[in-house]
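Open the structure in your viewer and keep the selection tool ready. We will go stop by stop.

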Amino acid sequence: MADKEKVILFGRGMVYQRKKERIFEQYEVVLFFDSSVDASGQPILDEETGIWVVNPFYVLNYPDYPIILLSYALGQMSRQLLGLGIERERIRFGVSMEPFNTFEKMLFGDGVGTLYLDGRDVIYQNVQHNLKLETDPSDLEAITGKLRDTLLYRQSKDMLVNMPLCPLDDTYGMNRGTPVDRYYIEQFLESNQSLIKGRVMEIGDREYTVRYGKERVQESVILHVMKSDPSDNMICGNFATGEGIVEESIDCLICTQTLPFIYDLHKAAENMVRVLKKGGTALITVGGISQIISYERTHFGHYWSFTDMSLRMLFEELEDVESVQIGTYGNVKTASAFLYGISFEEMEPEDLDYHDVNYQLIVTAVVTKK
């Protein structure tokens, strides 16, 4: 394998965070420049990478590697480097590197949009659209105003005209088929079905225990907050209060879409772990982006929506937890379809399976007890 090109990165903010994985795959990063570092002080160590970070004031003290600017303040950063005596040939614009957010995709997604230095100014050029525009030195996004009447700018008018104010179905899409969130919940359970074994507890019914546990299940227990049926191994129990929870009695807990309706999350999480045997596993799903249904709000209360970060912290903070594996499912299209009550049968597989961590329709956790 050929040696990677050595580069210096200028900027550790949002642009860097979005592109760092690709940058480290492509380049050997030898140094960071960061204007927030005290120009009169010593270099600091970037804790994540172990790479030294220095104020760009000292740029001439370092080898003549290319400097990749990772910010939207491209004009200001370029002028700073030029003023310190850096050759313009060393300056590159990392914002034009993939992966792109929607703004960057508008500028560079067609493969012909470029940035270059003209004197001390940063110019955006797109030959295909016959554009040559000077950018704002402190904010590349300000160029959007100059693009609104071009073909690069995606107009929203037609999209908004076709978006109804009311959903097609206000019960998650159950009147049209299977709700979109269930597509992801069942995908999660299927991928973890080997953990559904021994004495298994499921909330409300035993549908998923039977479907995914099969012969691995020795005993199936139902936990219901309002009713019990001893003949059906149904326990009236409540994770928020601990009612009906027998400590270390379950090998696997299946808990889908329950935590959003429990106000005392921390107590519920404690009891979910408490009911597990040592080494037992809880398979948990929660809603991220969701509508609120009047029946559920009236009878149970609808208190929470989650992100991957909040679900992870909820269980990682518990002393008896060995590990927490978090997953997310969804994208802006499936989230919109779910809010409109469109069933997953009405969608294309490629739409359902596209993953965008910024649109978390469903968040999942595999929680293992010590």
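## A guided tour

Select Asp118 and Asp121: Asp121, in β8, is the bridge partner of Asp118. Keep in mind throughout that this is a predicted model.

Now widen the selection to β7 (113–118) and to β8, residues 121–126. These two strands pair in the antiparallel sense, over six bridges. Add β9 (131–134). You now have an open sheet of three strands, ordered β7-β8-β9, with antiparallel pairing. Which strands are at the edge? They are β7 and β9, and each of them pairs on one side only. Look at the tilt between neighbouring strands of this sheet: on average they are turned by 25° against each other, direction ignored.

Next, select residues 74–83. This is helix α2, and it lies across β7 and β8. Compare its direction with that of β8: the helix runs at about 130° to the strand.

**The whole chain**

Clear the selection and show everything. How many helices and strands does the chain have? There are 12 helices and 16 strands. Turn the model around. Along its principal axes, the C-alpha trace spans about 85 × 55 × 40 Å. The chain has a radius of gyration of 27 Å, whereas a compact globule of 370 residues would have one near 21 Å.

**The largest pocket**

Now look for empty space. Rolling a probe the size of a water molecule over the atoms shows where such space is left.

Select Thr102, Arg154, Val332, Asp356 and Tyr359. Of the 40 residues that line the largest pocket, these lie nearest its centre. The volume of this pocket is about 1,700 Å³. Colour α3 (102–108) and α11 (332–340): each supplies at least two residues of the lining. Which element gives the most? It is α11, with five residues. Colour the lining of the largest pocket by class, and you will find 19 nonpolar, 11 polar and 10 charged residues.

**The second largest pocket**

Move on to the second largest pocket, with a volume of about 1,200 Å³. Select Thr256, Gln257, Thr258, Phe261 and Glu296, which are the closest to its centre among the 37 lining residues. Then colour the elements that give two or more residues to this lining. The helices are α6 (180–191), α7 (207–213) and α9 (294–299). The strands are β10 (198–203), β11 (217–224) and β13 (250–256). How does the lining of the second largest pocket divide by class? It has 20 nonpolar, 11 polar and six charged residues.

Terms used:
Residues numbered from 1 in each chain as written. Predicted model: local features only at pLDDT ≥ 70, side-chain atom pairs only at ≥ 80, totals over all residues. Heavy atoms only, no water. 1 Å grid on protein atoms, 1.4 Å probe; cavity = no way out; pocket = protein on both sides within 12 Å on 5 of 7 lines; lining within 4 Å. Points joined across faces, edges and corners; volume = space filled by probe spheres on them. Helix = DSSP H or I, 4+ residues; strand = E, 2+ residues; numbered from the N terminus. Nonpolar A, V, L, I, M, F, W, Y, C, P; charged D, E, K, R; others polar. Pairing = 2+ DSSP bridges. Axes fitted to C-alpha atoms, helices over the stretch in contact; angles between N-to-C directions. Contact = heavy atoms within 4.5 Å. Rg over C-alpha atoms; globule rule 2.2 N^0.38 Å.
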